[in-house]
Amino acid sequence: MTDEATARPRLGRPRDERAGRAILAAALELMAEHGVRDLRMDDVAERAGVGKATIYRRYRSKDDLVTAAVAGLVSEITIPDTGSTRADLLALMRRAAEVYRGSVEAGVMPGLVDAMSRDDELARSVREGFLAGRRAALRAVLERGIERGDLRADLDLELALDVLGGPLFYRLLVTGGPIDKRLVDGVVELILRGFAPAEPARKKSPNPKREVAR
């Protein structure tokens, strides 16, 4: 006789996954609309169509929810290895540009930066989660570029990472300029030229002219 409990399909996990996705999506939408400071768990629960207890079973606080929602903006980052430092940097930067061009993402970032300036714990969580993953991928490409001889051996990696990410955030948060292919290409070219290895010293001629005796 078949065990009825064994034969019956398990529906709990798919339902939990749907609720989890709905909570994160609702949090992002509300952050984009009202900012992080005004995000309320009651509003997230209503938007997601779940009970507030369902949210708190996953996230202990609003900061935990905000951090998870922001981390979800970037799926797992695959580090490209095309054989070209330029192509690898372009691939990562184009993905970043796609994120910051999105309507929800673009709406979330200003409020998130403001909240990070007021909440040290939230700032730490975002830096160690959302930002750390992208910087780690770019760092790996830069280090490989050094090994290939495309970038100088004494490259200041933290400075290079700031140069790569800075223009995207500046346009998103300050000027409102386009985050497009031209920007990405220009930033990558700036890195490759600005941090290129110094030209090797010219080799002496194997047959130097003899000094003419007087």
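# Exercises on a predicted helical model

Setting aside neighbours up to four places away in sequence, aspartate 185 is in contact with Leu90 and Arg94. The model treated in these exercises is predicted.

## Exercise 1: Aspartate 185

Task: Determine in which helix aspartate 185 lies, and which residue meets its side chain in a salt bridge.

Solution. Step one is to place the residue: aspartate 185 is found in helix α10, residues 181-194. Step two concerns its partner: the side chains of aspartate 185 and lysine 181 meet in a salt bridge, at 2.6 Å from N to O. Both residues belong to helix α10, 4 residues apart, which is about one turn of the helix. Step three is to classify the two ends. Aspartate 185 has a relative accessible area of 23% and is therefore partly exposed, whereas lysine 181, with 54%, is exposed. Step four returns to distant parts of the chain: aspartate 185 and methionine 93 are 92 residues apart in sequence, and their C-alpha atoms are 8.7 Å apart in space.

## Exercise 2: Valine 188

Task: Decide whether valine 188 is buried or exposed, and state which residues it touches beyond four places in sequence.

Solution. Valine 188 also has its place in helix α10. Its relative accessible area is 1%; buried means under 20%, so valine 188 is buried. Not counting residues up to four places away in sequence, valine 188 touches Arg86, Leu89, Leu90 and Met93. For one of these residues, arginine 86, the separation along the chain is 102 residues, while the C-alpha atoms of valine 188 and arginine 86 are separated by 7.0 Å.

## Exercise 3: Two further salt bridges

Task: For the salt bridges of arginine 144 with aspartate 88 and of glutamate 121 with arginine 124, state how many residues separate the partners in sequence.

Solution. A search of the whole structure finds 21 salt bridges. In the bridge between arginine 144 and aspartate 88, the closest N and O atoms are 2.9 Å apart. Arginine 144 lies in helix α8 (residues 120-148) and aspartate 88 in helix α6, so this pair ties together parts that are 56 residues apart in sequence. Arginine 144 and aspartate 88 are both buried.

In the bridge between glutamate 121 and arginine 124, the closest N and O atoms are 2.3 Å apart. These two residues are 3 residues apart in helix α8, and are therefore separated by about one helical turn. Glutamate 121 is partly exposed, at 43% relative accessibility, and arginine 124 is partly exposed as well, at 35%. Elsewhere, Arg40, Asp42, Asp43 and Lys52 are linked in a network of salt bridges.

## Exercise 4: The aromatic pair

Task: Classify the ring pair of tyrosine 100 and phenylalanine 169 from its geometry.

Solution. The count comes to 1 aromatic pair. The ring centres of tyrosine 100 and phenylalanine 169 are 5.0 Å apart and their planes stand at 55 degrees, so the pair is tilted. The pair links distant parts of the chain: tyrosine 100 is in helix α6 (residues 85-101) and phenylalanine 169 in helix α9, 69 residues apart. As to accessibility, tyrosine 100 is buried at 5%, whereas phenylalanine 169 is partly exposed at 23%.

## Exercise 5: The nonpolar patch

Task: Identify the residues that make the nonpolar surface patch and the helix that gives the most to it.

Solution. Val113, Tyr170, Leu173 and Val174 make a nonpolar surface patch of about 360 Å². Helix α9, residues 157-175, gives the most to the patch, with 3 residues. Leucine 173 is found in helix α9; at 34% relative accessibility it counts as partly exposed.

## Exercise 6: The chain as a whole

Task: Describe the make-up of the protein chain and the confidence of its prediction.

Solution. The protein chain has 10 helices and 0 strands. Of its 214 residues, 35% are buried. Among contacts between residues at least 6 apart in sequence, 66% join residues at least 24 apart. The chain exposes about 13900 Å², of which carbon and sulfur atoms supply 50%.

The average pLDDT is 85, and 85% of the residues score at least 70. Over residues 1-10 the pLDDT is below 50, and this stretch has 1 contact beyond near neighbours in sequence. Over residues 210-214 the pLDDT is likewise below 50, with 0 contacts beyond near neighbours in sequence.

Note on methods
Residues numbered from 1 in each chain as written. Predicted model: local features only at pLDDT ≥ 70, side-chain atom pairs only at ≥ 80, totals over all residues. Heavy atoms only, no water. pLDDT = per-residue confidence, 0-100. Contact = heavy atoms within 4.5 Å. Patch = residues over 30% accessible without salt bridge, like charges linked within 9 Å, V, L, I, M, F, W, Y side chains within 5 Å. Areas by Shrake-Rupley, 256 points an atom, 1.4 Å probe, with all protein chains shown as cover. Salt bridge = Lys/Arg side-chain N within 4 Å of Asp/Glu carboxyl O. Buried < 20%, exposed > 50% of the residue type's maximum accessible area, 1.4 Å probe, protein only. Phe/Tyr/Trp six-rings, centres within 6.5 Å; stacked < 30°, edge-to-face > 60°.
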